[in-house]
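Visitor: Hello! I would like to take a close look at one part of this protein, please.

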Amino acid sequence: MTVLPVYGQGDTSLQAAGGFAGLQKLAADFYVAMNTRADAAVIRAMHPADLSESTDKLARFLTGWLGGPSLYREKYGPISIPRAHSHLAIGTAERDAWLACMAQALTQHDYTPEFKAYLLRALSVPAERCRTQD
């Protein structure tokens, strides 16, 4: 009998994602999706031309969020997702485009289907917290 990992407990999710290195790749793939998806043009315009720092911030945020060390805080200081996005016009379409970019990025990884579903479902919470309108 195979025992499936319980995501969201300890660093199980971080390990399933391949640690910080896996999340760096996921963040890079996320921004490739954002650069190429027509439905993401509005959210892409909210980012700087050079996505290096955005990619680093996302990977570091996800590391801590998935039960690992607080790499985002160590480098950039504390984060409040609503406050960090409060100056942006983010509605349901922008939230959904962000999640679509993440779904596309997840297809580039050999994570289990269960982990992909868990991660996308779990990421809908911070994605919703970014919403500033609608």
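Is Thr-63 buried or exposed, and what is its relative accessible area?

Guide: Happy to help! One thing to know early is that this model is predicted, with local features needing pLDDT of at least 70 and side-chain atom pairs counting only at pLDDT 80 or more, while totals for chains, interfaces and linings use all residues. Residues are numbered from 1 along each chain as its sequence is written, and side-chain values use heavy atoms, with hydrogens and water left out.

Now to your residue. Thr-63 is buried, because its relative accessible area is 1%; buried means under 20% relative accessible area, exposed over 50% and partly exposed in between, using a 1.4 Å probe and protein chains only. Thr-63 sits in helix α4, which covers residues 52-65. Helices (H or I, at least four residues) are DSSP runs, numbered from the N terminus. Setting aside residues up to four places away in sequence, Thr-63 touches Leu-14, Phe-20, Leu-23, Gly-68, Pro-69 and Leu-71, where contact means heavy atoms within 4.5 Å.

Helix α4 also leads us to the largest pocket, since five residues, the largest share of its lining, come from α4. The volume of this pocket is about 730 Å³. Of its 25 lining residues, Tyr-31, His-47, Ala-84, His-85 and Trp-98 are the closest to the centre. Besides α4, the elements giving two or more residues to the lining are α6 (81-85), α7 (92-106) and α8 (113-129). Here is how a pocket is found: on a 1 Å grid over the protein atoms alone, it is an open set of points where a 1.4 Å probe fits, with protein on both sides within 12 Å along at least five of seven lines, and lining residues have an atom within 4 Å of a point. Grid points are joined across faces, edges and corners, and the volume is the space filled by probe spheres set on the points. The lining divides into 17 nonpolar, four polar and four charged residues. Ala, Val, Leu, Ile, Met, Phe, Trp, Tyr, Cys and Pro count as nonpolar, Asp, Glu, Lys and Arg as charged, and the others, Gly among them, as polar.

Let us finish with Trp-98, which belongs to helix α7. Trp-98 counts as partly exposed because its relative accessibility is 21%. Leaving aside neighbours within four places in sequence, Trp-98 is in contact with Phe-30, Met-34, Ile-43, Leu-58, Leu-123 and Ala-127. The C-alpha atoms of Trp-98 and Ala-33 are 9.4 Å apart, although 65 residues separate them along the chain.
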